[in-house]
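Student: Could we go through this structure together, one question at a time?
Tutor: Gladly! Have a look at it before we begin.

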Amino acid sequence: MAFRLWAHRMPGNSPSADILEPAIRLSQQNYEKMAEFVTRELGIKMPASKKSMVQSRLLRRVRELGMQSLDEYCEYLFSPPHSADERVHFIDAMTTNKTDFFREPKHFDYLTQKVLPELEGTAVHKLKKKITVWSAACSTGEEPYTLAMIMSEYALTRPQFDFQILSTDISTRVLLTAKDGIYSRHQIEPVPRELRRRYLLNGKGEYRSLVRVRPELRRRVSFHQLNFMDEDYRVKQIFDIVFCRNVLIYFDRATQESVIGKICRNLVQGGYLFISHSESLSGLNLPLTSVGASCFQKQEGL
Ligand SMILES: C[S@@+](CC[C@H](N)C(=O)[O-])C[C@H]1O[C@@H](n2cnc3c(N)ncnc32)[C@H](O)[C@@H]1O
């Protein structure tokens, strides 16, 4: 079925509630049901202003299922037995996965100039001989692969330096992309030329518009599904460094405090946490000290 709109899409805009035919639109009651589910299960705030975004993100799925309206989809989503499988698609659609290689590059400079030399010199690192990093909310993998490139570069002149990166996200779709490690040439533009040469493989023939992260680098990074709303993250490792960037903005303050508090359980004393420059932890009760722009250190003795 083709979806008809009331008016042409405005350039740069997604279809809004106003331009969708009434028969296709989501009723307010069903929007609230979906919004309540998203906030409860994912922690993501869902004010009424997000309704048009939700509608536009779900249209494709509604089309794939051959349905006539978003209300029909809502009924399908919440009715057993298909609800469990459909929730995977729904969660994929409700998460915002924007990311980039070398996003917020000052963090990577700070890592190379301050954090890695310091951690490398600590007794803990000398004993276990491996720096451990967690990219929490890794989306399609650009962040952990950037970290892997940065740390591999650091290791070039330090044969003893070793590291491993755990990457987690709630979305099934982004984790599949991340594991493949295949990107378009446009996506890898922020990667410096020398690092592209060392860590990326160029596709050939019909794949020439694509690149793939080299297997040596991919082996440094593992991917797992993890929902920040879970009470127990069941992560056994204790990390030296955690990147948790551009996800806290979707949560309210109480959820931010709870998520970062749980992450801190897996951060070594003196270990580093990076959040986005557009996020803040001020006023939250956490065992962290601010040590730089959106960079924190876990306080000793906690
Ligand atoms: C905007 S991306 C950030 C990617 C990367 N950290 C960066 O800064 O470029 C936010 C990611 O958080 C994930 N996310 C949202 N809610 C989550 C939750 N409750 N548990 C785990 N991941 C979640 C989304 O799936 C999405 O991939």
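**Strands, partners and a core**

Student: In which strand does Phe 296 lie?
Tutor: A note first: this is a predicted model, where local features need pLDDT of at least 70, side-chain atom pairs count only at pLDDT 80 or more, and totals for chains, interfaces and linings use all residues. Residues are numbered from 1 along each chain as its sequence is written. Strands (E, at least two residues) and helices (H or I, at least four) are DSSP runs numbered from the N terminus. Phe 296 belongs to residues 295-298, which form strand E10.

Student: Is Phe 296 buried or exposed?
Tutor: A residue is buried if 20 or more other C-beta atoms, placed from the backbone, lie within 10 Å of its own, exposed if 12 or fewer, and partly exposed in between. Phe 296 has 22 other C-beta atoms within 10 Å, so Phe 296 is buried.

Student: What is the strand order of the open sheet of seven strands?
Tutor: Two strands pair if DSSP finds at least two bridges between them. The pairing in this sheet is mixed. For instance, E9 and E10 are antiparallel, with four bridges, while E1 and E2 are parallel, with six bridges. The order is E6-E2-E1-E7-E8-E10-E9.

Student: Which strands stand at the edges?
Tutor: Look for strands with a single partner strand, because one side of each is then left without a neighbour in the sheet. These are E6 (221-225) and E9 (288-292).

Student: How many of the six residues of strand E1 are buried?
Tutor: Ile 131, Val 133 and Ser 135 point one way, and Thr 132, Trp 134 and Ala 136 the other way. Strand E1 is largely enclosed by the rest of the structure, because the buried residues number six of the six.

Student: Which residue of E7 stands opposite Trp 134?
Tutor: E1 is joined to strand E7 (residues 239-243) by three bridges, and the two run parallel. On the E2 side, Trp 134 stands opposite Leu 166. In E7, the residue opposite Trp 134 is Val 242.

Student: Which helix gives the most to the largest nonpolar core?
Tutor: A nonpolar core is a set of buried Ala, Val, Leu, Ile, Met, Phe, Trp, Tyr and Cys residues joined through C-beta atoms within 7 Å. This one has 73 residues, and those touching the most other members are Val 133, Ala 148, Val 242, Cys 244 and Leu 273. With six residues, the helix that gives the most is H7 (residues 142-156).
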